[in-house]
Amino acid sequence: MHNLKAITPLGGTSPQIDRFEGLVIREVADRALASVAARQGREAECCSAVQATLGLLLPKPAKWSAEGAYMGWWMGVDLWMIDADHADHELLAANVKKAVGLSGSVAEQTDGWCRFDVSGAQVLEVFERLCNLNLRAGEAGDAHRASIEHLGCFVLCLEAGEKYAVVGPRSSAGSLHHALVTAAKSVI
Amino acid sequence: MAALNDLGVKAPLPALPQAEDAPVKLQAFWHVKEGKGRAWLDQQNDVTVKDVKLAHQENFRSVEHLKRYTTLGMATDQGKTSNMGGLAVMAELVGKQIPEVGTTMFRPPYTPVAMGTLAGRSVGENFRPTRKTPSHKWAEEQGATFVEVGMWLRAQWFPKPGESHWRQSVDREVLQTRKSVGVCDVTTLGKIDVQGTDAAEFLNHIYANAFGKLAVGKVRYGLMLREDGIAYDDGTAARLAEDHFVVTTTTANAVLVYRNMEFARQCLWPDLDVQLISTTEAWAQFAVAGPNSRKLLQKIVDPEFDLSNEAFPFMGCGDVTVCGGLRARLFRISFSGELAFEIAVPTRYGDGLIRALMQAGEEFDVVPYGTEALGVMRIEKGHAAGNELNGTTSALNLGMARMVSKKKDCIGNTSSERSGMNRDDALVLVGLKPVNSADPVAAGSHLMSATSAVSAEADQGYITSAAYSPILGCSIGLGLLKDGGNRKGEVIRAVNPLEGTEIQVKVVSAHFVDPEGERLRA
């Protein structure tokens with residue numbers, strides 16, 4: 001077992017939690033991520049391979065799906081992100097590559113991203129300040145790209161009107177966190 | 001009347017009008033048809049009834065055309081005061097009911113909101129996002145001075161107690177790295193993961209030089225050209241497997257190169273089986289450079305990996321593990337010109353890795369170095385960087401003409417063969433050393449022959465990069481000189497008319513330090 005200690009995207013030894021009246025912003029640092037892009041002419045084969053080995057049915061555009069330990073969201077044409085618990089699946093990318101073989105191109109994405117789960121009664125009002133997504137019209141299972149304070153992020157609806165995951169670039173975690181907290185303070 | 005009575009005020013009861021019992025028939029009254037005066041509809045954009053009639057006459061009758069032809073409803077009120085009137089006039093003209101004419105989209109917000117709801121939160125430091133490297137926290141603890149490189153904050157130098165001027169820190173970092181070993185966070189350079197059956201062929205189209213036959217486990221320097229043949233980025237491509245490369249870019253151009261490569265993938269060669277994704281952020285990467293770099297890395301990389309020169313030669317690469325089993329990637333590449341490697345681990349462990357490198361490096365007096373020392377060393381080595389890839393230079397100008405392969409097509413190679421870009425007296429990259437070693441070389445100086453007048457007509461080129469070299473004990477420069485390849489040894493002048501100075505410089509090889517590359521290949 002290696003002896004290097006990990007730090008969270010915000011630079012802490014444990015994830016940051018910010019609490020407000022009707023809102024909680026929670027840094028999520030314990031997810032492993034791997035991108036999978038289907039290779040040309042082998043798109044169906046790639047998706048079947050993922051389903052057969054991970055049990056996960058890769059979702060349609062602008063959606064996320066989950067099965068057992070794995071979650072996946074659509075990132076682009078024939079391109080998905082697969083997510084699993086970091087402690088149990090740190091080598092997720094290698095395992096996904098084993099599963100798809102030459103039908104897909106897989107890249108480790110775990111530490112390319114930071115994630116903040118935003119939940120509570122005030123969540124929709126806060127997101128109205130942050131991005132132009134019409135979350136009020138959305139439902140659990142939605143996965144959209146949005147620009148939040150000039151950062152390209154994914155916004156996943158975990159529970160409609162109640163809980164959303166914001167996935168943004170890791171190096172800008174501080175800036176993204178600042179945007180979320182400032183929007184929260186603007187509303188609450 | 002009763003109230004007035006209470007106040008003791010006498011007043012006669014006036015004659016009160018009697019309401020008729022006639023039926024009421026309210027009708028809409030949209031505009032005054034009589035008279036010659038303008039009948040305003042939109043008072044923000046000055047749209048009148050006459051404008052709507054003209055729109056109708058010109059056949060711009062749909063509500064969307066009406067809006068754009070007249071600009072009715074396009075001002076800040078988004079038609080709140082004008083739309084109804086405008087639609088009513090058009091409805092009358094086309095003989096429809098108002099709802100049939102339709103409505104257009106309003107720009108939000110529909111209901112006025114306070115400005116503070118929309119903006120004003122990104123102020124000061126937060127005006128735009130900041131990107132921090134994996135070693136940022138550690139570098140802050142060391143008291144590093146930071147510099148903005150785009151949105152990134154990078155350590156520029158690491159002052160030690162007692163150092164009061166940046167030159168003291170930078171000179172020390174350069175000297176110590178070249179004497180023993182230095183470590184620099186190079187995470188900010190773009191990393192693009194390129195995979196697929198046709199990955200190598202795709203890279204052949206993107207790079208001026210060839211990558212088709214690059215062996216697995218090898219890295220190659222690559223130059224990318226714009227469509228007009230001008231060099232726009234350089235970096236390396238490491239072949240991790242037959243169908244898997246990691247392409248690096250300069251920090252400044254990471255996003256641009258990724259965007260251009262994705263455009264090429266989707267639009268220029270859509271039939272190639274190749275997939276791209278950015279991994280710049282996902283991996284923390286450190287340059288470990290200097291004569292003791294291998295010894296330092298041997299303490300970090302797990303013992304089953306052989307880092308000897310035979311097993312891991314210059315420009316090799318591969319997957320390794322560090323610190324007892326953590327997955328890592330090792331690249332034997334050098335920007336400084338020293339024996340050097342770059343080691344990458346998943347970003348969450350970058351902080352742990354820099355601390356481990358510093359601790360393991362204590363016996364070698366390891367020094368952390370920042371972007372200034374990085375810059376001095378690459379100038380000493382003669383590596384082109386952003387100052388040389390300045391949007392006007394071709395491979396020929398950079399002294400890399402032979403890198404543009406004639407055996408395969410790539411973006412920009414045809415344009416790069418235009419005669420105007422291949423003149424005999426074309427600018428070519430050279431090194432410049434002051435004749436008087438105390439003279440400072442100033443970047444931006446123009447080069448004149450030893451005796452000519454100082455004029456635009458006599459201009460021989462200009463200095464692109466300059467630095468004080470603690471190794472050579474003098475200022476040095478890199479510059480573009482007409483027919484520079486054939487003028488080594490010539491003494492010319494570097495003139496700075498802006499400040500009224502000029503110095504004599506000798507044209508030398510751009511590779512000031514270790515020109516034979518012995519250190520690189522140690």
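Visitor: How many helices and strands does chain B have?
Guide: In this predicted model, chain B has 13 helices and 22 strands.

Visitor: What radius of gyration does chain B have, against that of a compact globule of 522 residues?
Guide: A compact globule of 522 residues would have a value near 24 Å, but chain B has 35 Å. The C-alpha trace of chain B spans about 115 × 60 × 55 Å along its principal axes.

Visitor: What share of chain B is called buried, and why?
Guide: Buried residues make up 52% of the 522 residues in chain B. They are called buried because their relative accessible area is under 20%.

Visitor: What makes strand β5 of chain A mostly covered?
Guide: In β5(A), residues 70-76, 6 of the 7 residues are buried.

Visitor: How do you know that β4(A) and β5(A) pair?
Guide: Pairing needs at least two bridges. Strand β4(A), residues 64-67, and β5(A) have 4 bridges and are antiparallel, so they pair. In one of these bridges, A:Ala66 has A:Met71 as its partner.

Visitor: Which strand is joined to β5(A) by 5 bridges?
Guide: That is β6(A), residues 79-85, which runs antiparallel to β5(A). With 5 bridges against a minimum of two, these strands therefore count as paired as well. Here the bridge partner of A:Met71 is A:Asp83.

Visitor: Which residues take a positive phi in the two hairpins?
Guide: In the hairpin of β4(A) and β5(A), with 2 residues between the strands, A:Gly68 has a positive phi near 60°. β5(A) and β6(A) form a hairpin that also has 2 residues between its strands, and A:Asp78 in the turn has a positive phi of about 55°.

Key. Residues are numbered from 1 along each chain as its sequence is written. Chains are lettered from A and ligands numbered from 1 in the order in which they are written. This is a predicted model: local features need pLDDT of at least 70, side-chain atom pairs count only at pLDDT 80 or more; totals for chains, interfaces and linings use all residues. Side-chain values use heavy atoms; hydrogens and water are left out. The radius of gyration is taken over C-alpha atoms; the globule rule is 2.2 Å times the number of residues to the power 0.38. Buried means under 20% relative accessible area, exposed over 50%, partly exposed in between (1.4 Å probe, protein chains only).
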